[in-house]
Amino acid sequence: MITFVKNQFILMKLVFATNNLNKLKEVQEMLTNSIELLSLKDINCFDEIDETETTLEGNAKLKANYITNKFNYNCFTDDTGLEVEILDGKPGVYSARFAGEPSNSEKNIQKLLSELKNKTNRKAQFRTAICLNLNDKQFIFEGICKGEILTKKQGEKGFGYDPIFKPEGYNISFSEMTSEEKNKISHRGIAIQKLVEFLKNYKQK
C-alpha cells in the first residue's frame, strides 16, 4: 500500500518474503521510517516456498511472485549466494544447503574450508539479488561484496558464512563487524540501498 498526500510519500507497506529473522533485522535497520516492513508472519504466511530455480535471480522472482499471487501484497524478496572463484562460483545458489539438508551453517562452513584446504586462491564474493513486485511491475536489484575466504572462523556476530568471509579492504571478517559497519558494505546492504533509492524516486512517478 502506498499513500500520497499532495504528491508526498507518506507510507509504503512492503512484505519482505523471508523467515530468516537475521536478514529481517538487517533490512529493518536500513529502511527509512516511511517504509513499513511486514514479515511473512505478519501476513499469516507460513508456507514453505521451495527455492527450485538455478539462479539467485530466479529464486528471488519465484518467492516474490508466490507472495504477490497468493496474498495480494507488494513485496520484495532476496536470494544470496557465496561465489568462490576457484570453485567456479560454488556454492552460489546452493550456499544455504552446501553441506546438504537440512541447512546448517556450521556444516556449510566446514565443508567450504575443507574444499579450500591448501588453496592459495581464496577470492570470493557475496552476491544478493532482490526482486521487488510493486503495483503489477517487477524490478531486480543486485549487490556484490568482494573479498576472500579465511582459513578459520573469526568473530561471533553475523550468520551463515560471515565468520570466514573477509571483505576487500578490511582485516576483519563480517562476524567481527557491527551490523552498522556490515550494512554499509555488504552485498545485501548494497542491494537494499538500490531498492531504497528506487522507492524514493518511485513516489515522483
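## Pockets, salt bridges and cores

Strand β4 makes the greatest contribution to the lining of the largest pocket, supplying 6 residues. The model is a predicted one, in which local features require pLDDT of at least 70 and side-chain atom pairs count only at pLDDT 80 or more, while totals for chains, interfaces and linings use all residues. Residues are numbered from 1 along each chain as its sequence is written, and side-chain values use heavy atoms, with hydrogens and water left out.

**Pockets.** The largest pocket encloses about 1000 Å³ of space. Its lining comprises 36 residues, and those closest to the centre are Asn20, Lys23, Glu51, Ala96 and Ser103. Two or more lining residues come from each of β4 (75-84), α3 (105-115) and α5 (187-202). A pocket here is an open set of points on a 1 Å grid over the protein atoms alone where a 1.4 Å probe fits, with protein on both sides within 12 Å along at least five of seven lines; lining residues have an atom within 4 Å of a point. Helices (H or I, at least four residues) and strands (E, at least two) are DSSP runs.

The second largest pocket has a volume of about 220 Å³. Of its 12 lining residues, Thr68, Asn72, Tyr73, Asn74 and Asn135 are the closest to the centre. Strands β6 (123-134) and β7 (137-149) each contribute at least two residues to this lining. The composition of both linings is tabulated by class.

| Pocket | Nonpolar | Polar | Charged |
|---|---|---|---|
| Largest pocket | 10 residues | 13 residues | 13 residues |
| Second largest pocket | 3 residues | 6 residues | 3 residues |

In this classification Asp, Glu, Lys and Arg are charged, Ala, Val, Leu, Ile, Met, Phe, Trp, Tyr, Cys and Pro are nonpolar, and the others, Gly among them, are polar.

**Salt bridges.** The count of salt bridges (a side-chain nitrogen of Lys or Arg within 4 Å of a carboxyl oxygen of Asp or Glu) comes to 12. One of them pairs Lys70 with Asp47, with the closest N and O atoms 2.6 Å apart. Lys70 belongs to helix α2 (residues 56-71) and Asp47 to the loop between β3 (35-38) and α2, so this pair ties together parts 23 residues apart in sequence. Asp47 is partly exposed, at 21% relative accessibility; buried means under 20% relative accessible area, exposed over 50%, and partly exposed in between (1.4 Å probe, protein chains only).

Glu57 and Arg127 also form a salt bridge, their closest N and O atoms being 2.6 Å apart. Because Glu57 lies in helix α2 and Arg127 in strand β6, the pair ties together parts that are 70 residues apart in sequence. Glu57 is partly exposed at 24%, whereas Arg127 is buried at 13%.

Arg127 further meets Glu83 in a salt bridge, at 3.1 Å from N to O. This pair links distant parts of the chain, with Glu83 in strand β4 and Arg127 in strand β6, 44 residues apart. Glu83 is buried, with a relative accessible area of 17%. Elsewhere, salt bridges with shared partners join Glu51, Lys63, Arg97 and Glu101 into one network.

**Nonpolar cores.** A nonpolar core is a set of buried Ala, Val, Leu, Ile, Met, Phe, Trp, Tyr and Cys residues joined through side-chain atoms within 4.5 Å. The largest such core has 21 residues, and Phe76, Leu132, Ile192 and Leu199 have the most contacts inside it. Two or more of its residues come from each of β2 (8-16), α1 (21-30), β3, β6 and α5. Helix α5 provides the largest share of this core, 7 residues. Another core, apart from this one, has 18 residues, among them Leu112, Leu113, Phe126 and Tyr161.

Key:
Grid points are joined across faces, edges and corners, and a volume is the space filled by probe spheres set on the points.
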